[in-house]
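I opened this notebook to record what I looked up in the structure, chain by chain and then where the chains meet. My entries follow in the order of looking.

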Amino acid sequence: MNKQYDVIIIGGGATGAGVARDCALRGIKALLIERHDIATGATGRNHGLLHSGARYAVNDRESAEECIKENMILRRIAAHCVEDTGGIFISLPEDGLDFQAKFIESCLAAGISAEAIDPKQAIALEPSVNPSLIGAVKVPDGSVDPFRLTAANILDAKLHGADVLTYTLVEELIIESGKVVGVKVVDTVTKERSEYRASITVNACGIWGRDLAAKAGVTINMLPAKGALLVFGHRVNNVVINRCRKPADADILVPGDNITVIGTTSSKVPFDQCDDMYVTREEVDLLLREGSMLAPALNYTRILRAYAGVRPLVASDDDPSGRSVSRGIVVLDHATRDGVEGFVTITGGKLMTYRLMAEWTVDLICKKLNIDAKCTTAEALLPGSTTPDAGCKRTTACFSGAKSSAFYRHGDKAQQIDHSTAAKRALVCECEQVSVGEVEYAVGKLGVTNLVDLRRRTRMGMGTCQGSLCAARAAAVMATTSGCSSAEAKSNLKSFIAERWKGMSAVAWGDTLREGELLSWLYDGVCDLSNLNTTEE
Amino acid sequence: MKQYSENNFEQCTKCTVCTVYCPVAAVNPLYPGPKQAGPDGERLRMKSSEFYDQSLALCLNCKRCEVACPSDVRIGDIIQSARIKHSTKKPGLREFTLANTDLVGSVATVVAPVVNATLGLKPVRHIVEGVMNIDHRRIFPKYAFGTFESWMRKQRKEQALFAKQVAYFHGCYVNYNNPPLGQAFVKVMNALGYGVQLLDKEKCCGVALISNGFVNKAKKQAQVNINSIRKAAVENNLPVVATSSTCTFTLRDEYHHLLGLDNADIRESINLATKFVYTLLCDGNHTLKFNPDAARIRVAYHSPCHLERLGWTPYSIELLKLIPNVELVKLESQCCGIAGTYGFKKENYATSQSIGEPLFNAIEASECDIVATDCETCKWQIEMSTTKRVLHPIEILAASLL
């Protein structure tokens, strides 16, 4: 692998992937380094809401305008990652209608279409909505799959010459005469160490960017804000439901793929918790209590799991107390800010504005490297979205679910999936309709190295059974495809099951507990996975 | 357990035992099985109708998946409801003919000898296959010359003499094809001291209309039946009894689950003949006199799928055991493969016969004289596919009475 690059990007979330793609499209030789898999941080731990910007319209006009612009861009360039569900902001009796007028006015001022509809129309549009609502406003919200979005950016970056290293940890920044000139990394699997050099190193590590900056002797004042969410077993709503009031906890209900997500909470957490987030009982209670105000059905819908992410909130530079927090995009050129050359931090912002964050970052890179190249990411379609509706045609009476699902997930790239034989069409994951062919495609083309990665690319194990039925099959297919040893496959299976149970344990009652029992009965009772010898045989 | 999601689909833990028990999945690789067609598919269909899979038409609605399910998920109902909601296939002439048992039956019984003779001809069956896609190997049930209802009208006075009364839901098969079964039922009931009367107005229960895509018509007919049964059961306080297990199941469960009609007030009044008779015989106040000279017969009992779903198979078995001249063989419970009109369709013929094969073999191996079952379509299938004659337990009971 080439060891010299123009740009090294650290962090494989949506932002890092977006920067890598933008660089690649502008002919800048880029290397992206991620310590885990792509989209493992905040990118993969949010609502998956394609914000219209309406939520920010009243308090943060700038964010609202950015959101609606990016919303329209993503619908075009990432069509296969986005679903145009539409959204409503509902007013409940205790909210009153005072906020609504101001809300509509602010939306319109920010360029967001916002149409007041009466409660009956709202119920007709979304039957699961709380029937006691007194008003509703229709906005162009949608849902976006952050895993797919990140994977598509990575795929396009690679197609245009970028290199990507996952499971690679940056141990040190190489600093020569006050300039960051490269990175020393370790492969977290093989433990091999190596060095890469570049003119500019980009810090796109989200909340972990504070630690990376510290390696360059730079201080960024960040506030980890935990947001917890719950995943419901199926689609409760088909339209995004928001509360028409000042943004608060658990007031957004988003239908994403085959599930519905309620979120979020917001609480400050210490930095040492950012790597291992647990959802507390209090958070689950709060999410359910507030969520059921949006859609009463949540009170008795099966909850698949709970998860939490950390927002990388950045304190304004001129406020040492850290209280004045911006949710806006923060691009820091550490040369001008701190006198450290060759080092740029991109943080703040949100999933919705990842592309714009990347554009601003690469604009700065171009300026610093004296490159004259325009950003094209707002027009260039992402792989998977280049030929809409390709491959969606049903060819056989049987198997249309898996075919349609593969298309839903991979867009026109689904045509690359080998479904030519019955063996390739066989389902690995039945809940989410993931075929053997799709697993092989993900392993071969999407940089999947373990079952958890596979889940992010395909939704394998994300359905009702949370892997009870599919994990062992997937482990077997992966082992065959990648040629790993049976010990590796077993250890892979063990980590996957542990990860699934972590999310289930916070909501383990009722049917979820029964599912957990089945999971434990199968993997512990029958396979004795806890005691499996995972060393080489 | 309180039911929150429609048909309890959320309670599915994906254990897959339903698919293990599915007779179709076992023989037809094109059918993904009840788990995928039912609760798994339902999740996808909630996102969009686009995820509806045409293979759901391969489900024969035997409900054995529901019997197997340890989580009380109404898997068969999920599948049938999805067909009703999402299928874009319009029923054709074949579906119309197979589904409208009332209409076809009332025409055919008038000219029964001609219809029976014609449908028995091989060239005719080939034409039927060519025109209607009904498999030429399928043998049609013979039509009776004159309906059961017309016979019953002649018995009205005599039946009214009994102090205790039951209302009989005879079903299309007894009315148009097999009045002797209805007559056997009247004989048994009379022997127990009950007079038999017809419902005010009886329509086909609608099971064939539902499975062939005529849901609106099924709803209309179901409402007529519900009204008639309500009058008999609620106003006149009569037990309503049917000989057909499928009619019974449809009236009790499918009306509510698939057609969305409210039958809660009459559901418990709808009874199956074998259960009704057996229960009477157990109460200590009813006895039957059996003919001591009746010839000894070896009877193999086949339990129909819908009777299994009702959970009432033991009543038919125990009733047969009470008949002194019957030597009973209990066949392993499995689907015969016909599933009403399913097996008549050309594309299902092979599946239908493969499903039934183990049963046919077991019947031949049982060395029985007669097969007994509570379902008319099981009877057609078994008579067509084995060397044995099939009777209803009530017919066997009636024949053994003094």
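**Chain B as a whole**

I began with the secondary structure of chain B in this predicted model, and I counted 22 helices and 8 strands there.

Next I looked up the overall dimensions: the C-alpha atoms of chain B fill a box of roughly 60 × 55 × 40 Å along the principal axes. I then compared the radius of gyration with the globule rule; a compact globule of 402 residues would have a value near 21 Å, and chain B has 21 Å, so the two agree.

For burial I noted that 60% of the 402 residues in chain B are buried. The accessible surface of chain B comes to about 16600 Å², and I wrote down that 55% of this surface belongs to carbon and sulfur atoms.

I also looked at how contacts in chain B are distributed along the sequence, taking those between residues at least 6 apart, and found that 77% of them join residues at least 24 apart.

On charge, I recorded 46 positive and 38 negative side chains in chain B, with the centres of the two sets lying 4 Å apart.

**Two residues of chain B**

Is Tyr194(B) buried or exposed? I found Tyr194(B) in strand β2 of chain B, which covers residues 194-198, and its relative accessible area is 10%, which is under the 20% cut-off and therefore makes it buried. I then listed its contacts, leaving aside neighbours within four places in sequence: the partners are Gln159(B), Phe162(B), Lys164(B), Gln165(B), Val166(B), Met189(B), Phe276(B), Leu280(B) and His286(B). One of these partners, Lys164(B), I followed further, and I noted that Tyr194(B) and Lys164(B) are 30 residues apart in sequence while their C-alpha atoms are 4.9 Å apart in space.

Where in chain B is Ala294(B) placed? I located Ala294(B) in the loop between α17 (273-282) and β5 (297-301). Its relative accessibility is 18%, and because the cut-off for burial is under 20%, I entered Ala294(B) as buried. For a pair separated along the chain I took Ala294(B) and Ala399(B), which are 105 residues apart in sequence and 8.3 Å apart in space from C-alpha to C-alpha.

**Chain A as a whole**

I repeated the survey for chain A, where I counted 17 helices and 23 strands. The C-alpha trace of chain A spans about 65 × 60 × 45 Å along its principal axes, and for 537 residues a compact globule would have a radius of gyration near 24 Å, so the 23 Å of chain A agrees with the rule.

Of the 537 residues of chain A, I noted that 60% count as buried, and that the accessible surface comes to about 20500 Å², with 53% belonging to carbon and sulfur atoms. Among the contacts in chain A with a separation of 6 or more, 72% are between residues 24 or more positions apart. The charge entry for chain A reads 60 positive and 66 negative side chains, the centres of the two sets lying 2 Å apart.

**Where the chains meet**

How many residues does the contact take from each chain? I recorded 27 residues from chain B and 35 residues from chain A. The area buried between chain B and chain A is about 2500 Å², and carbon and sulfur atoms give 49% of that area. On the chain B side I noted that Glu10(B), Arg43(B) and Lys47(B) supply 29% of the area that chain B buries against chain A, which is more than any other three residues supply.

Technical notes: Residues numbered from 1 in each chain as written. Chains lettered and ligands numbered in written order. Predicted model: local features only at pLDDT ≥ 70, side-chain atom pairs only at ≥ 80, totals over all residues. Heavy atoms only, no water. Helix = DSSP H or I, 4+ residues; strand = E, 2+ residues; numbered from the N terminus. Rg over C-alpha atoms; globule rule 2.2 N^0.38 Å. Buried < 20%, exposed > 50% of the residue type's maximum accessible area, 1.4 Å probe, protein only. Contact = heavy atoms within 4.5 Å. Areas by Shrake-Rupley, 256 points an atom, 1.4 Å probe, with all protein chains shown as cover. Lys, Arg positive; Asp, Glu negative; His and termini not counted. Charge placed at Lys NZ, Arg CZ, Asp CG, Glu CD. Buried area = accessible area lost by both parts, 1.4 Å probe.
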